[in-house]
Amino acid sequence: MPTQTQSSTTVTEQPPRRGVSLAPFRLHRHGDYQSAYKAARKQSSPSMSYFYRVRPAELIDTATPRIGLTVGRVLGNAVKRNRIKRRMREAVRLHLDLLPQSIDVILHPRHFVAEMEFSRLEAEIVTIFHRIASAVHAVSEAQP
């Protein structure tokens, strides 16, 4: 088997983390979803809507971002819904480092996420995460 050699150029981007699970970064409790819905306004992108909130200091059990995915029955049968969730989990997992710490995000995909190219899905997730990060940063700078 041929071996790869590294070039002398410096790569600024790290390769996708293989084998890292999204499980510790997921929203699990119904109350976490409900508090994120109450604290946030609905935001939209071309293929999904999303909610986010910064966890208050007294509720911070871990200083990691947490992600929730909701895929309703209106999006298709169980096979199609599970495919959407798998694709979205992978896109989120690859770009989780773009989110600020101590934030909860809930993503609601639209029906055509199942058929769109994965690179487009990834690009949209990156755009959403950048929007969230800049909004959180702007709010934190405005506070004294």
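How many residues does the hairpin use to join β1 to β2? The answer is two. That hairpin is a handy way into this model, which is a predicted one.

**The overall picture**

Let's start with the inventory. The protein has three helices and four strands, and reading along the sequence gives the pattern α-β-β-β-α-β-α. Of the 144 residues in the protein, 36% are buried. Take the contacts between residues at least 6 apart in sequence: 81% of these join residues at least 24 apart.

**The sheet**

The four strands make an open sheet in the order β1-β2-β4-β3, and the pairing is mixed. The edges belong to β1 and β3 (66–69); each has a single partner strand, so one side of each has no neighbour in the sheet. From one strand to the next, the twist averages 25°.

Here is how the strands pair up:

| Strand pair | Sense | Bridges |
|---|---|---|
| β1 (residues 43–45) and β2 | antiparallel | three |
| β2 and β4 (residues 103–109) | antiparallel | seven |
| β3 and β4 | parallel | four |

Some individual partners help to fix the register. Where β1 meets β2, S45 stands opposite M48. M48 also has a bridge partner in β4, namely P109. On the β3 side, G68 is matched with I106 of β4.

How well covered are β2 and β4? Both are mostly covered: in β2, five of the seven residues are buried, and in β4 the count is six of seven.

Helix α3 packs on this sheet and touches β1, β2, β3 and β4. The direction of α3 makes about 30° with that of β2.

**A closer look at S49**

S49 is a good spot to see the sheet from the inside. This residue lies in strand β2 (residues 48–54), and its bridge partner in β4 is H108. Is S49 buried or exposed? It is buried, because its relative accessible area is 7%, and the cut-off for buried is under 20%.

Which residues does S49 touch, leaving aside neighbours within four places in sequence? The contacts are K42, Q43, S44, I106, L107, H108 and R110. H108 is thus both the bridge partner of S49 and one of its contacts. I106, another contact of S49, is the residue that pairs with G68 of β3.

**How α2 meets α3**

Now for the helices. Two packed helices are described by the angle between their axes and the distance between the axes. Helix α2 (residues 78–94) and helix α3 (residues 118–142) pack at about 55°, with 9 Å between their axes. That angle makes α2 oblique to α3. As for handedness, α2 passes α3 in a right-handed crossing.

Which residues do the touching? From α2 come R87, M88, E90, A91, V92 and L94. They meet F118, L121, E122, I125 and F129 of α3. Sorted by class, this contact has eight nonpolar residues, three charged ones and no polar ones. So α3 has contacts on two fronts, because besides meeting α2 it also packs on the sheet.

**An odd backbone angle at S102**

One last stop is S102, in the loop between α2 and β4. What is its phi near? The value is near 60°, which is positive, and the residue is something other than glycine. S102 is also buried, with a relative accessible area of 10%.

Methods. Residues are numbered from 1 along each chain as its sequence is written. This is a predicted model: local features need pLDDT of at least 70, side-chain atom pairs count only at pLDDT 80 or more; totals for chains, interfaces and linings use all residues. Side-chain values use heavy atoms; hydrogens and water are left out. Axes are lines fitted to C-alpha atoms, for helices over the stretch in contact, and angles run from 0 to 180 degrees between N-to-C directions. Angles under 35 degrees count as roughly parallel, over 145 as roughly antiparallel, 65 to 115 as roughly perpendicular and the rest as oblique. A crossing is left-handed if the near helix is turned anticlockwise from the far one by less than a right angle, and right-handed if clockwise. Contact means heavy atoms within 4.5 Å. Ala, Val, Leu, Ile, Met, Phe, Trp, Tyr, Cys and Pro count as nonpolar, Asp, Glu, Lys and Arg as charged, and the others, Gly among them, as polar. Buried means under 20% relative accessible area, exposed over 50%, partly exposed in between (1.4 Å probe, protein chains only). Two strands pair if DSSP finds at least two bridges between them.
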